[in-house]
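The following exercises are to be worked with the sequence and the model at hand. Each task is followed by a solution in steps.

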Amino acid sequence: MSAANSAAVKKGDDKVETQSLKELLLGNARSYGIFFALVVVIIVFQILTGGRLLNPNNVVALFQQNAYVLIAAIGMLMVIIATHIDLSVGSVVAFIGGVGALAMKNWGLNWFLAIVLMIVIGLAIGAWHGFWVAYVGVPGFVTTLGGMLIFRGLATVVAGESIPVSDPTFRAISKDYLPNVLGFWGDFSSNAIIVGVVAIVLVIWMQLHKRNNAIKNGLPVQPMSFVVLKLVIAVAAIAYVTYLLACSGNATQGGIPIVMLIIGVLIGVYWFALNRTVYGRNVYAVGGNRKAAILSGIDTKATDFKIFLNMGFLTSIAAVITLSRLASATAQTGMEFEMDAIAACFIGGTAVTGGIGTIPGAMVGALIMGVLNQGLSIMGVDAAWVKTIKGLVVIAAVAYDLVSKRKKG
């Protein structure tokens, strides 16, 4: 590293290297590129829709209508990192939704017990898939392909033509907002402003804390000017989204949709699990080099089993939100959900070969898919063309990943 491109900062007797801007951009081209791609997609559709894409109510609808992608992508991320795949997500959503609707309509279960039942079924299905993959050795592709057929068939048996859901509390999960305990501040939702401020403070603290830890441990650090630039962009983005959410709704209801809280909690929990726990390190180790993971003492079978168990749990949450939004269960619910989740992961930088992938990347990929769905829908584009465009985006994302690896190699 040349003196012109780097500097050394002394911390006691240690020297800490400051990375150059060129090194940062080249070394993190994939990570930063995906955020740039999201911004470009948003700007393009904002222009094509005549400014309607970022209408406050459309932004809320973006999260409400694409919650299933964001949630399923978290589970699919872990599955793909471990070099597996899950093709059964959509069918499982249809089956679990059918049972949940049946439980509320015909069995007299209240909405809470119905949700518990749906989660238990999701965990059981995840355990079923995990058993075949981890302990019998059937490839995940084959296991979940069978699951796709099995649970689509069972969904047809359970749901038939349609089972309506009328419970207002259950339906509120997907369409209502968190209560504004402090009321509205003028025309703005108090809870949206508070959550936005907390998010800004958290992002600033995390970036500075990460840099300070790198300095303490003698690791290469990003220049402070680059950190400040990232923070300015992040704070501006959060502040703008906060503004859009704060002015959505009306004088009695609006702000943070309930589904956003659910998604936020799941992202936080699973980000922590993947980055700060032994289980998370095991997932990356198994995906990076399974043989080396076995030699290092990792129980790869237990890791694989838990991955599919988590997938079953997250699929059940996606089923709850989908059933709440549609207010009825049908055998055709969830068609191609798994494809959207897989696409979100690949667009977000998850490696096709496994071992690489992040939750923020998968979430950005899911948002790109959501913006495509939302923007093309506002424009009135035929559903067939929507699928075509999404397919081309997925191929382009995977091709970019492979070409980048070849160049790096």
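**Exercise 1: The surroundings of a helix**

Task: In this predicted model, determine which helices are among those that cover the buried residues of α11.

Solution. The cover of the buried residues of α11 includes α3 (56–65), α4 (67–81) and α8 (168–175). It also includes α12 (278–288), α14 (300–326) and α16 (359–378).

**Exercise 2: The length and the buried face of α11**

Task: Compare the expected span of α11 with the distance between its end C-alpha atoms, and establish how its buried residues are arranged around the axis.

Solution.
Step 1. Helix α11 comprises 19 residues, 258–276. At 1.5 Å a residue, a span of 27 Å is expected.
Step 2. The end C-alpha atoms of α11 lie 27 Å apart, which agrees with the expectation.
Step 3. The residues V259, I263, L266, Y270, A273 and L274 of α11 are buried.
Step 4. Viewed down the axis of α11, these buried residues fall within an arc of 100°, so they line one face of the helix.

**Exercise 3: A salt bridge between α13 and α14**

Task: State how many salt bridges the whole structure contains, and describe the one formed by R290 and D304.

Solution.
Step 1. Side chains of opposite charge can pair when their charged atoms come close. A search of the whole structure yields three salt bridges.
Step 2. In one of them, the side chains of R290 and D304 meet with an N to O distance of 2.8 Å.
Step 3. Because R290 belongs to helix α13 (residues 290–295) and D304 to helix α14, the pair ties together parts 14 residues apart in sequence.
Step 4. R290 has a relative accessibility of 26% and therefore counts as partly exposed. D304, with a relative accessible area of 4%, is buried.

**Exercise 4: Two salt bridges of α17**

Task: Locate the partners of K387 and K390, and decide whether the residues of each pair are buried or partly exposed.

Solution.
Step 1. K387 forms a salt bridge with E336, and their closest N and O atoms are 3.4 Å apart.
Step 2. K387 lies in helix α17 (residues 383–408), and E336 lies in the loop between β6 (328–329) and α15 (337–347), so the pair ties together parts 51 residues apart in sequence.
Step 3. K387 is partly exposed at a relative accessible area of 48%; E336 is partly exposed at 36%.
Step 4. The side chains of K390 and D340 meet in a salt bridge of 3.1 Å, N to O. This pair links distant parts of the chain, K390 being in helix α17 and D340 in helix α15, 50 residues apart.
Step 5. Both K390 and D340 are buried.

How values were computed:
Residues numbered from 1 in each chain as written. Predicted model: local features only at pLDDT ≥ 70, side-chain atom pairs only at ≥ 80, totals over all residues. Heavy atoms only, no water. Helix = DSSP H or I, 4+ residues; strand = E, 2+ residues; numbered from the N terminus. Expected span 1.5 Å × (residues − 1). Buried < 20%, exposed > 50% of the residue type's maximum accessible area, 1.4 Å probe, protein only. Arc of directions from axis to C-beta. Contact = heavy atoms within 4.5 Å. Salt bridge = Lys/Arg side-chain N within 4 Å of Asp/Glu carboxyl O.
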